[in-house]
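Ready for a few exercises? Have a look at the model first, then work through the tasks one at a time.

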Amino acid sequence: MTNKVILTAAITGAVHIPSMSPYLPITPEQIIDEAVAANRAGAAVVHLHTRDPQTGRPTGDPEMMRQVVDGIRRRCDVVIGCTTGGAIGMTNEERLAALPIARPELASCNAGSVNFCFSPIADKINQPKFDWEIPFVRSTYEIPFSNTFKDIEEYITLMNQYGTKPEFEVYEAGMISNIAYFMAKGILKPPVYIQFVIGVMGGIPATLNNLNFLVRTADEVIGRCNYIWSCAGTGRQEFDIGTAGIILGGNVRVGLEDNLYIAKGQLAKSNAEPIAKMVRIARELGREVASPAEAREQLGLE
Ligand code: KMH
Ligand code: ZN
């Protein structure tokens, strides 16, 4: 088993809006190009959302995801991870629609409910490009990101059915117990895969102490040998958390879903840039970067 660091590129997400950056990938072609470029830069895994190509609005359209996944698979062997989180306000049906169609190796599985708020974005946009943008971000002030135990069991069961490994998105400590509950229920094959997504408004703050706390808690509650982890710091903490993740022996997610900037005041022009930055940091810290094949081996993907 290698200890090479698995870098994941979170290509576009469903948080940032087109008015925030001209570099946010929106069309299927842009998302495909970005995923391939991120892979070339060192990403072993991509985490995919899709958007309406005309307006950039997040969509759960399974045909859109099929087009994106097929387009990436034709051009590189990066590990494909699809979202089942979708966008705030989507129903479970909308969030799950692409899973049976895309049949990805990985899919996000949100390990609990959380207020996933990004309404303050509205205060920074004066002339929005699209009518949907401001109402959408404002809606996150009152719509919770709901993932009940019943929902989580349904998501896990469907992923088991399709041969997709869940990537558990963890936004605060209690969600670690939720994962342990489903392991004890016998519906999860260890090692489970956890993505600590920290710094969300409504979730645990993105501090070094909190990342270490989450990892130590998972060691105690799940068991060090029963899980593999990665971390995604949102916003300006992206690279501090990524660097801490490498030092702690974990894996790292970066990309325009989590942070539109490559440095203070400087928009990233592609997902390849934050990936290349994490490759440089990893190598300076003496850790090599995993290939897609090495990532599949570490994650236990067929
Ligand atoms: N867009 C967020 C509400 C996931 O991919 O599962 C949820 C999210 C997590 O992006
Ligand atoms: Zn996502």
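Before we start: helices and strands here are DSSP runs, at least four residues for a helix and at least two for a strand, numbered from the N terminus. Keep in mind that the model is predicted.

**Exercise 1.** Find which protein atoms are the donors of the zinc ion (ligand 2), and work out where H47 and E257 sit along the chain.

*Solution.*
Step 1: Look for N, O and S atoms within 2.8 Å of the metal.
Step 2: You'll get H47 (NE2), H49 (NE2) and E257 (OE), which lie 2.1 to 2.2 Å from the zinc ion.
Step 3: Write out their spacing along the chain, and you have H-x1-H-x207-E.
Step 4: Now place two of them: H47 belongs to strand β2 (residues 45-48), while E257 is in the loop between β10 (251-254) and β11 (261-263). They are 210 residues apart, so this pair links distant parts of the chain.

**Exercise 2.** Describe the surroundings of ligand 1.

*Solution.*
Step 1: Pick out the neighbours. There are 13 residues around ligand 1, and H47, T83, S108, N110 and E257 come nearest.
Step 2: Sort the shell by class, which gives 5 nonpolar, 7 polar and 1 charged residues.
Step 3: Check the polar contacts to oxygen atoms of ligand 1. A polar side-chain atom of S108 is 2.6 Å from one, and for a polar side-chain atom of N110 the distance is 2.9 Å. G85 takes part through a polar backbone atom, at 3.2 Å.
Step 4: Ask how much gets covered. On its own, ligand 1 exposes 300 Å², and the protein buries 99% of that.
Step 5: Identify the space taken by ligand 1: the largest pocket.

**Exercise 3.** Locate P191 and R103, and say what's notable about the backbone there.

*Solution.*
Step 1: P191 is in the loop between α7 (174-184) and β8 (192-198). The peptide bond leading from P190 to P191 is cis, with omega near 0 degrees.
Step 2: R103 is in the loop between α4 (99-102) and β6 (106-110). Its phi is near 45 degrees, a positive value in a residue other than glycine.

Note on methods. Residues numbered from 1 in each chain as written. Chains lettered and ligands numbered in written order. Predicted model: local features only at pLDDT ≥ 70, side-chain atom pairs only at ≥ 80, totals over all residues. Heavy atoms only, no water. Near = heavy atom within 4 Å. Polar contact = N/O pair within 3.5 Å; in protein donor to acceptor, adjacent residues only side chain to side chain. Areas by Shrake-Rupley, 256 points an atom, 1.4 Å probe, with all protein chains shown as cover. 1 Å grid on protein atoms, 1.4 Å probe; cavity = no way out; pocket = protein on both sides within 12 Å on 5 of 7 lines; lining within 4 Å. Sits in = over half its atoms within 2 Å of the grid points. Nonpolar A, V, L, I, M, F, W, Y, C, P; charged D, E, K, R; others polar. Donors = N, O, S within 2.8 Å, 3.2 Å for Na, K, Ca; no water.
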